[in-house]
Amino acid sequence: MPPSSLRVVYAFAREMHPKTTDIFIQYGTAGFRTKANLLEHVVYRMGLLAVIRSRVKNGRTIGIMITASHNLEPDNGVKLIDPDGEMLEQSWEAIATKLANVSDNDLEATTAEIIKEVNANMTLKTSIFIGMDTRYTSPRLAQAAANGVMALKGTPKEFGIVTTPMLHFFVKCRNDNTYGTPTEEGYYEKIVGAFKNIRQKLPVYGNYSTTLYVDGANGVGGKKLNIIKKTLDGELDLKLFNLGGNGGKLNLNCGADFVKVSQKPPVGVEHVPMQRVASLDGDSDRIVYYYVDDKDKMHLLDGDRIATLLASYITELLTASEAKHLKLGLVQTAYANGASTAYITQKLKVPVTCVKTGVKHLHHAALSYDIGVYFEANGHGTVIYSDNAKKTISKIAEEGESEQRKAAQLLLNFIDMTNETVGDAISDLFLVETVLCARGLDAEQWLSTYDDLPCRQVKVTVQDRNVISTADAERVCTSPEGLQTRIDELVAAYADGRAFVRPSGTEDVVRVYAEADTQQSADKLAAEVSQAVYDLAGGVGNRPELPA
Ligand SMILES: CC(=O)N[C@H]1[C@@H](OP(=O)(O)O)O[C@H](CO)[C@@H](O)[C@@H]1O
Ligand SMILES: [Mg+2]
C-alpha cells in the first residue's frame, strides 16, 4: 500500500476511533478486557492487526470476537482467533499489546514497524470474520473492528451475534473445508446433526431423563439453544431460562461463573428437586451442571466432572473398538479439584497434565495426546483428536468386526458433535447428554462417581497484581518473598489442605484458591491465605476477614 493511502487510514483512525485514555491495557488470558467505553481504539487496532496476522498466514482467515464472556454488562473485550480456530499465538500477544497502547500519533509508525517485523505480505487478499456477544456496546465495537480491517484493505465478514465457539468454528471451517461449513446453519448441521444421529443409536434407558433445564446467563447461548430446541424432535426436551428477556441482566447472579464461584444456584431458574440444570456463561464457551436436592442444597457438576465423564466414555468406546493403543490424556489446571485428579489417575488410569490457567495452555498440552480431553474447573473445555486418531477410528468404523464397528461409529458421531477448536457450551451440552443417556444416569448418580473436596475461591485487591509471580503451573508462588512459605505454613494445619495464589489475567485482582476436608476449613484457609496476600503483596482497601 502506498504511504499516502496509509496516511488517510491513520487520519481516519484519529477521527473515528481516537485513543481517549492513557490507561495501559494488556492482551491477557482471553484477549483485551475492560470497561467497554475504553475499548474502541483497541478494537479498531485489532482490526488492523487481524489483517496483518492473516497476511503472515498466507491470507488465511483470522477471527475477531467482541465479548467479555462472563463479566458483567458494562465490560467488553476483544480477542483474535488464529486460522485453525485456536486462540491467537502467544508470541503475538505482546505485539497486540504494543499496538493497542501506542498514541494515535505513533500508530502509523508502529503499524509499519510491525508489518516489517513480522514480514507480512501486504498485497495478499484477506478476509476477517467478526462476531459479537449480546452486550449493547458490542455493535459499535464490531463496527470499529470492521473499520480497522477495511483500513488495511482486508474484507470483513460480520456474523452478528454468535457464541464465541461458533466464531472459532467458522474460522476453522473457512480455512479447512473438510471440517464443516462456515455458517451458523453449518454449525447446527454438524454438531446438532451428530447428536441426533447418535440418539438414533442409543435408546433412552435407566434413570436418564430427556428433560434438561438450562440457565442461559441472559447471553447468547440461550438464544441459540432456543433455535436448536425446535429441531430436536423430542430427543432432548430443553427448558430454557435466563434468555435475556424480563429485565434479566447478562451474567448477573446467573451463568456458569456465578454458579461455580458462588456455589449457589442462579436466579431466574425454576428449581425442581433433583432436576439437572446446565448453566452457560455469557458468550457460551463454558458450561457447568448442577441440581438442587429436596433439601434445597445445590450440588455442582463442574468442568472436572464433565472432563472425567467424557474421558471415561471415550475410553470405553476405544476399548470396545479395540483402538486402545490410541493414547488418551486429560489436561487440567491447578483449579481442578484434588478429588477429580485422584479419580482420573487412580480409577480411570488416564494420564493427567497440569498447566497454567487459560485455554490456550490447555489446548496446547492436549495436542500431545492422540485424544486430549481438556477442561478448566469452571467448565471451559473440549476434546481434541489427532489426525491419526481420526483415521484409525474411521478405518475401524468401516472395516472392523461388528461390535468394534458399532463402537467406532459412535465415536465418529461423538467427534462430529465436538467443537474441537475451543471449549463450547452447546457442543459440551450435547456430549454430556449423550454420555448420561448412554449410561442411563441421572445427575445424582453422575455426582456419586467421586466426592469433591470442599473448596473456596476468592479475590484480593492489591496495588499491583504483577508483584505475584508463580511457577510449576501456578501452584507455587515465587514472589513476593515469604508468601509461599506463609501459604505452606497455613496449609499444613488442614487435613487435605491445598492452596495457591495467582494474578488474574482478566481482572485487576489476585485470585486465591483453597481446598480442605470440610467447607468450613476450605473457607477459613482461603481467608487466611487472602490475609497473607494482603499483608505481603500490597493489599488495598480493607484487610480480608476470617469467617465468623
Ligand atoms: C479461575 C478462573 O476460572 N479463571 C478464568 C479467568 O481467568 P483469570 O486469569 O483467572 O482471570 O477467565 C479466563 C477466560 O475466560 C479463564 O480461562 C480462566 O479459567
Ligand atoms: Mg466465556
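**Group meeting talk: one chain, its cores and its ligand shell**

Let me start with the layout: the domain assignment, whose bounds come from an automatic or database source, divides the chain into domain 1 (3–161), domain 2 (187–300), domain 3 (303–426 + 440–447) and domain 4 (455–536). Between the centres of domain 1 and domain 4, taken over C-alpha atoms, there are 35 Å.

Please keep in mind that this is a predicted model, in which local features need pLDDT of at least 70 and side-chain atom pairs count only at pLDDT 80 or more, while totals for chains, interfaces and linings use all residues. Residues are numbered from 1 along each chain as its sequence is written, and chains are lettered from A and ligands numbered from 1 in the order in which they are written.

As for the chain overall, there are 18 helices and 19 strands, these being DSSP runs numbered from the N terminus (helices H or I, at least four residues; strands E, at least two). The radius of gyration, taken over C-alpha atoms, is 23 Å, which agrees with the value near 24 Å for a compact globule of 548 residues, the globule rule being 2.2 Å times the number of residues to the power 0.38.

Of the 548 residues, 52% are buried, meaning that 20 or more other C-beta atoms, placed from the backbone, lie within 10 Å of the residue's own (exposed is 12 or fewer, partly exposed in between). The largest nonpolar core, a set of buried Ala, Val, Leu, Ile, Met, Phe, Trp, Tyr and Cys residues joined through C-beta atoms within 7 Å, has 133 residues, and Val43, Met46, Ala145 and Leu310 have the most contacts inside it. Helix α15 (residues 425–439) gives this core its largest share, 10 residues. A second, separate core of 30 residues includes Val462, Ile468, Ala514 and Leu525.

Now to single residues. Leaving aside neighbours within four places in sequence, Leu310 is in contact (C-beta atoms, placed from the backbone, within 7 Å) with Val373, Val383, Leu431 and Val435. Arg45, in helix α2 (residues 40–56), is buried because 28 other C-beta atoms lie within 10 Å, and with the same neighbours left aside, Arg45 is in contact with Leu99, Ala100 and Gly148.

Finally, the ligand: 15 residues surround ligand 1, and the closest are Thr29, Ala30, Ser504, Gly505 and Thr506, where a residue counts as near if its C-beta atom, placed from the backbone, lies within 6 Å.

Note on methods
Contact = placed C-beta atoms within 7 Å.
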